[in-house]
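Please read the points below with the sequence and the coordinates side by side. They deal with the ligand, then a pocket, then a pair of charged side chains.

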Amino acid sequence: MNPSIIVPAVEVDPAGMSRHVVIIGAGVIGAMSAIHALRDGHRVTILEPETPGGEQASSYGNAGWLSSHSVIPPSQPGVWKKVPGYLLDPLGPLAIRWGYLPQALPWLLRYLAEGATKERVTRTARALRTLLVESPVLHRAVAEQAGVAHLIVHEGVLHVYPSRADFDAEALNWSVRREVGVRWQELSAAELHQREPALDERYTFGVFVAEAGHCRDPGAYVAALVAHACALGATLVQGQATGFRIEAGRLRAVRTAGSEIACEAAVIAAGGRSKALAAAAGDRVALEVERGYHVMIAQPEGAPRTPMMAADCKAVATLTEGGLRLAGQVEIAAFDAAPDWRRADILRDQLLRMFPALPRELAASRVRYWLGRRPSTPDGLPCIGPARACRDIIHAYGHGHVGMVAAARTGRLVGQLLSGRTPEIPLEPFDPRRFG
Ligand SMILES: Cc1cc2nc3c(=O)[nH]c(=O)nc-3n(C[C@H](O)[C@H](O)[C@H](O)COP(=O)(O)OP(=O)(O)OC[C@H]3O[C@@H](n4cnc5c(N)ncnc54)[C@H](O)[C@@H]3O)c2cc1C
């Protein structure tokens, strides 16, 4: 990144309410937060060590689903019974690296407990719904202002199942979705294949969720949002936050390696790297990374018309601007542990099975793999709210599997918190202090 990409124009709010806000991290959450802070008249610095929208960020390589119905947490009743199998099978849908188990264990136990009963899953779903509802519309509005409306498509998403029985096996999830207001259309095999002629015949049942949408290129979208923030007056600084200078309970500066940026407010939006910054702001948060992978095939011979989640591999296939992407897998391992590209091989093989027109022998130049890190809490809910030690510091991370879709409302909430307005939804479920 060019460290001199700096747009210094700063509007000071005439009422004196404008603060200098440092947004830590230029993933989708930081980018949206910056835009809303700017709209409220704050002076904004975005602090990011790498290229906004670059491959280091989870926001780069996700499936792009803007699924306002994704309210079911990853941990569900009965999942705990499968954990021994996950530990023994490094290539299963959820893998835990043995060496990392002692460190991840407290998080993992809480993760399993949070999904242990239908009541708990429903509680999480109700809270998530408030954050996600209408988000494709909110994304679209921001994308239009940023000049990238073409990247946001609001035409629904599909879930595809080998059989109706496989759908019925997920009855609990769908009944909770119905309870929180999600509606869908069920598709027979004929209806599904009429909509999706490239899809393999072994999928015989589909669910179409019209309210959802998708992003055609998440990395480009984030880059465009940050460029829009800069056009609105934000300053982009290349650097890494290491902590805060807090005096008498008020924020004076964000510390960086060997320096500091004087400011009156800050937003922690460093994704999977947010835990240490949260601790520096006085909060012990239960944050781990659920690592995931994607495979991309350029110029695919067969592809979905509508992005689809395949129930048998729990991965989402999306036709992006750069090619056909299948994103999924959960791997509990250290943030910086080496990628296990066998997991991306699994995704590639699944993609070939989903779309038979793709050639079995693919030139290496057409295939790309990526490893990403979902910033995840054990209860499947993000941390959004002020820090314990200093209300000038706002937490905005931990969105796990739904950070892309949740970013639109999270940015609005951050703007409301920074300006002292009443948040548009109750923030108690997302309180960063809930981990004790
Ligand atoms: C395989 C996969 C598929 C997914 N699919 C979807 C999907 O379809 N829909 C959906 O809604 N979500 C999806 N997600 C989840 C989503 O990608 C994340 O929840 C979301 O991108 C998190 O955004 P973020 O801005 O919090 O973090 P990130 O995108 O990771 O950005 C954090 C930024 O902070 C920077 N940073 C780190 N440390 C510091 C520091 N000390 N100082 C300054 N900056 C720092 C990083 O360089 C990075 O740019 C998926 C994730 C994966 C891995």
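1. A polar contact is taken here as a pair of N or O atoms within 3.5 Å; within protein, one must be able to donate a hydrogen and the other to accept it, and residues adjacent in sequence count only if both atoms are side-chain atoms. By that rule, an oxygen atom of the ligand is 2.7 Å from an N or O atom in the side chain of E48, and a polar side-chain atom of Q56 lies 2.9 Å from an oxygen atom of the ligand. The backbone also takes part, since a polar backbone atom of V402 is 3.5 Å from a ligand oxygen.

2. As to provenance, this is a predicted model, in which local features need pLDDT of at least 70 and side-chain atom pairs count only at pLDDT 80 or more, while totals for chains, interfaces and linings use all residues. Residues are numbered from 1 along each chain as its sequence is written, and side-chain values use heavy atoms, with hydrogens and water left out.

3. Around the ligand there are 38 residues (each with a heavy atom within 4 Å of it), of which E48, S59, W65, G400 and V405 come nearest. This shell divides into 19 nonpolar, 16 polar and three charged residues, where Ala, Val, Leu, Ile, Met, Phe, Trp, Tyr, Cys and Pro count as nonpolar, Asp, Glu, Lys and Arg as charged, and the others, Gly among them, as polar.

4. The second largest pocket holds about 230 Å³ of space, a volume being the space filled by probe spheres set on grid points joined across faces, edges and corners. A pocket is an open set of points, on a 1 Å grid over the protein atoms alone, where a 1.4 Å probe fits, with protein on both sides within 12 Å along at least five of seven lines; lining residues have an atom within 4 Å of a point. Among the residues lining this second largest pocket are Y100, Q103, R273, K275, E288 and F335, and by class its lining has six nonpolar, three polar and three charged residues.

5. The structure holds 32 salt bridges (a side-chain nitrogen of Lys or Arg within 4 Å of a carboxyl oxygen of Asp or Glu). In one of them the side chains of E144 and R140 meet, at 3.4 Å from N to O. Both residues, E144 and R140, lie in helix α6 (residues 135-145), four residues apart, about one turn of the helix; helices are DSSP runs (H or I, at least four residues), numbered from the N terminus.

How values were computed
Helix = DSSP H or I, 4+ residues; strand = E, 2+ residues; numbered from the N terminus.
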